[in-house]
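Q: Could you take a close look at one part of this model for me? I'd like a connected walk through it, starting from a single residue and working outwards.

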Amino acid sequence: TINSAMPKDSESWFGKEPPDLSLIARARGVDYLYSYMKGFYADKTRPWGVNNLYLPSAAMPHVLQELQGSQKPVFKNEPDDHGSARMVLVGVAAMTPGALKPEEYDQFVRDIVNFLDYAGEPVKEKRQSMGVFVTLFLLVFFVFAYLLKKEYWKDVH
């Protein structure tokens, strides 16, 4: 078991309870979490000075900003249903470099996300391998049950 260093009153620190990323890895998948960790951008309107492309208004600061560097939002003009133009957030672009090169940071985030996936459910591999045997057992049981049904009902039909 991994004990969290976050105190019980963390909600008072951030305004709302910060997300448990190991549960997000289980609920939404590792691809979403990878994108979330790379989707922070500078936003002066937010309390921590950053926002997220994939989870807007998240209550989590960008804890890896020194490693990734700052990113700025990229907007695009798109017409809405009434024909007037509006700005739509389409991505992020590098603003200042971080301590790691982009390739190194990508690998670092992959490692963190894989660890969070494992920490969220350490017995996942065993559960999935057991599922194969359970499915095979049910298929064999179904064959025997079908043959037994044919034997019982052969005089009725």
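A: Aspartate 20 sits in the loop that links α1 (10-14) to α2. Keep in mind that this is a predicted model. With a relative accessibility of 42%, aspartate 20 falls between the 20% and 50% cut-offs, so it counts as partly exposed. Along the chain, aspartate 20 and leucine 116 are 96 residues apart, yet their C-alpha atoms are 9.5 Å apart in space.

Next comes α2 itself, residues 21-28, where Leu21, Ser22, Ile24 and Ala25 are buried. These four are on the same side of α2, because they span an arc of only 160° around the axis. That fits the usual geometry: an α-helix has 3.6 residues a turn, so residues three or four places apart point the same way. And what lies over that buried set? The cover includes α3 (30-38) and α5 (102-120). Right after α2 ends, glycine 29 adopts a positive phi, about 100°.

α5 turns up again at the second largest pocket, where it supplies at least two lining residues, as do α4 (65-68), β3 (69-79) and β4 (85-97). This pocket has a volume of about 200 Å³. Its lining runs to 14 residues, and Gln68, Ala94, Leu100, Lys101 and Pro102 are the ones nearest the centre. Sorted by class, the lining comes out as 6 nonpolar, 5 polar and 3 charged residues.

Technical notes
Residues are numbered from 1 along each chain as its sequence is written. This is a predicted model: local features need pLDDT of at least 70, side-chain atom pairs count only at pLDDT 80 or more; totals for chains, interfaces and linings use all residues. Side-chain values use heavy atoms; hydrogens and water are left out. Buried means under 20% relative accessible area, exposed over 50%, partly exposed in between (1.4 Å probe, protein chains only). The arc is that of the directions from the helix axis to the C-beta atoms. Contact means heavy atoms within 4.5 Å. On a 1 Å grid over the protein atoms alone, a cavity is a set of points where a 1.4 Å probe fits but cannot get out, and a pocket is an open set with protein on both sides within 12 Å along at least five of seven lines; lining residues have an atom within 4 Å of a point. Grid points are joined across faces, edges and corners, and a volume is the space filled by probe spheres set on the points. Ala, Val, Leu, Ile, Met, Phe, Trp, Tyr, Cys and Pro count as nonpolar, Asp, Glu, Lys and Arg as charged, and the others, Gly among them, as polar.
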